[in-house]
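Me: Hey, I've got a structure to go through before class. Can we take it one question at a time?

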Amino acid sequence: MSQPKNQENYAIQVQGLTKKFGSFTAVDNISFSVKRGETFAFLGPNGAGKTTTIKMLTTLLRPTSGTMLVNGYDPINDQDAVRRSFGIVFQDPSLDDELTVYENMEFHGVLYKVPDKILKQRIEELLNFVELLDRKNDLVKHFSGGMKRRLEIARGLLHTPKVLFLDEPTIGLDPQTRNHIWKYLKDLNSTEDITVLFTTHYMDEAERVADSVAIIDHGRIITGGSPAELKKTTNTNSLEEAFLSLTGKKIREEEAGSIDQMRMNRRMWSR
Amino acid sequence: MIRTIYILWLRQIKRYLRSRSRLVGSLGQPLLFLVALGYGFGPVFQKAGQGNYLEFLAPGVIAMSILFTAIFSGIEIIWDKQFGFLKETLVAPVSRFNIMIGRTLGGATVATLQGIIVFFISIAAGFRPANLTLLPVALLIMMLTALLFTAMGTAIASLLEDMQGFQMVMNFLVMPIFFLSGALFPLEGLPGAIDIVASLNPLTYGVDGLRGALTGQIHIGFFNDFAVLFAVTALFMVIGSYLFSKIEI
Ligand SMILES: Nc1ncnc2c1ncn2[C@@H]1O[C@H](COP(=O)(O)OP(=O)(O)O)[C@@H](O)[C@H]1O
Ligand SMILES: [Mg+2]
């Protein structure tokens with residue numbers, strides 16, 4: 001991986017980042033950097049360590065070792081500065097279903113100290129951007145997965161972050177909705193000065209959207225570069241094939257986890 | 001800081017008011033206790049020379065509904081953890097202490113409201129407070145009890161990974177706290193071991209104070225009741241904040 005030369009030019013810099021859970025190494029000594037304004041894709045099969053890396057960058061997990069800078073700040077020692085710098089769409093849903101669209105946005109705005117005067121207007125602009133303005137007083141629990149995703153994107157942008165993290169933003173969505181979401185993100189890239197880091201295991205999306213990608217497997221970064229470069233070095237026609245030739249395997253499918261189980265339990269309790 | 005606490009408080013209130021089923025369900029249970037136990041055990045209680053059972057029971061049932069609602073509000077953190085909303089609050093540039101305070105105040109407000117509603121249900125069932133001037137004291141005890149057990153719920157929820165542990169907590173902690181608090185039967189003349197457990201149980205002091213304020217029958221005394229409730233509430237607020245600050249997702 002290339003070494004960062006000038007801090008100013010990088011939105012994210014990671015050096016020797018490692019995370020162990022007990023004796024298991026989920027993220028193994030990775031280094032990469034993301035230029036300001038770039039759209040960067042983190043590609044890898046399930047269990048590769050993508051989410052764990054994002055959790056460390058976003059102050060949710062402490063690394064075992066290594067250094068990071070997000071928007072020039074250290075996620076370990078300067079948590080609040082880092083937290084103000086980024087917006088995030090988590091892999092799993094993170095909305096409050098019992099609140100309305102507007103209330104979810106407002107909650108976020110208050111936590112991030114968006115000034116009262118501009119909060120309402122900014123919320124309406126963003127809801128308009130993701131085409132949810134006419135639903136603003138509806139409870140989120142009646143929404144489809146795609147609508148929730150769009151709301152999460154709008155919410156992640158509310159406090160005008162410098163960096164937007166998107167962890168599998170299109171997972172479980174139908175192709176049409178996926179296209180929709182990438183359209184917003186592309187528009188965003190051209191209208192706001194923002195750096196986007198997303199993870200996915202849909203190769204075609206990464207190929208279409210990302211300026212630069214890093215391929216991660218078993219906690220290690222195997223290779224990185226622009227999609228065109230990767231195709232060239234592996235002598236393949238698509239990122240999918242490049243990935244296959246680099247890791248020797250297909251991307252595994254997401255399995256239904258404990259979240260579904262919980263959802264059942266919750267229903268039993270609250271109805 | 002105040003706005004952070006306020007918005008978290010408000011969220012708890014909204015969630016409570018919106019889950020009608022929870023509202024109705026949580027009112028049905030106290031009503032059942034008042035009617036079934038109050039009228040069922042009334043004659044026995046009277047024969048044993050203990051006076052009017054409904055009068056004895058009503059403060060206990062109010063305390064019960066506060067206990068359950070408060071613990072439940074605290075425990076809700078597990079759901080937020082599992083459903084991801086907790087992450088949204090934990091990556092925000094606000095201190096975890098303020099998040100915990102806002103949530104706890106919200107949960108305690110809800111539990112107090114619930115207690116007040118059950119108070120009115122008791123009145124409908126025939127209960128009459130002995131001394132109206134002591135109602136503010138009763139309210140204060142209800143608020144403290146609510147705060148105490150919401151903080152306890154928060155502390156417990158910070159330690160649990162998922163809802164599986166919740167049943168354990170209900171069976172081995174919350175139920176004993178309820179039954180061994182003097183809410184349903186007088187604590188005098190109990191075997192030594194139970195007596196010791198009851199005196200270590202913070203709800204005992206909430207029930208005693210509440211019964212004192214509502215009916216005039218008091219055994220431990222207001223001063224000690226308040227002292228214990230204050231001390232234990234403060235203790236659980238500290239433990240709860242500490243454990244909450246240590247949550248990793
Ligand atoms: N809290 C945890 N404790 C133990 N193992 C974990 C924990 N979180 C993640 N892992 C493991 O770390 C590996 C990487 O997980 P993750 O970062 O979620 O992968 P990805 O997002 O690329 O699918 C997986 O094998 C996962 O089981
Ligand atoms: Mg993941």
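Me: Which residues of α7(B) are buried?
Reply: Sure, and keep in mind that this is a predicted model. Buried here means under 20% relative accessible area. The residues of α7(B) that pass are Gly165(B), Phe166(B), Val169(B), Met170(B), Val174(B), Ile177(B) and Phe178(B).

Me: And where is the kink in α7(B) centred?
Reply: One of the buried residues of that helix is Met170(B). The kink in α7(B) is about 40°, and its centre is Met170(B).

Me: How far apart should the ends of helix α7 of chain B be?
Reply: The helix has 16 residues, 164–179, and you count 1.5 Å a residue. The end C-alpha atoms sit 23 Å apart in the model, which agrees with the expected span of 22 Å.

Me: Which protein donors does the magnesium ion (ligand 2) have?
Reply: Look for atoms 2.0 to 2.1 Å from the ion. One donor comes from helix α1 of chain A and the other from the loop between β5 and α3 of chain A, so the pair ties together parts 40 residues apart in sequence. The donors are Thr51(A), through OG1, and Gln91(A), through OE1.

Me: Is Gln91(A) buried or exposed?
Reply: The cut-off for buried is under 20%. Thr51(A), at 24%, is partly exposed. Gln91(A) has 18% relative accessibility, so it counts as buried.

Me: Which are the edge strands of the six-stranded open sheet in chain A?
Reply: The strand order is β5-β6-β7-β3-β8-β9, with mixed pairing. An edge strand here pairs on one side only, and that gives β5 and β9 of chain A.

Note on methods: Residues are numbered from 1 along each chain as its sequence is written. Chains are lettered from A and ligands numbered from 1 in the order in which they are written. This is a predicted model: local features need pLDDT of at least 70, side-chain atom pairs count only at pLDDT 80 or more; totals for chains, interfaces and linings use all residues. Side-chain values use heavy atoms; hydrogens and water are left out. Helices (H or I, at least four residues) and strands (E, at least two) are DSSP runs, numbered from the N terminus. The expected span of a helix is 1.5 Å times one less than its number of residues. The bend at a residue is the angle between axes fitted to the seven residues ending there and the seven starting there. Buried means under 20% relative accessible area, exposed over 50%, partly exposed in between (1.4 Å probe, protein chains only). Donors are N, O and S atoms within 2.8 Å of the metal (3.2 Å for Na, K and Ca); water is not among the atoms, so sites may look incomplete. Two strands pair if DSSP finds at least two bridges between them.
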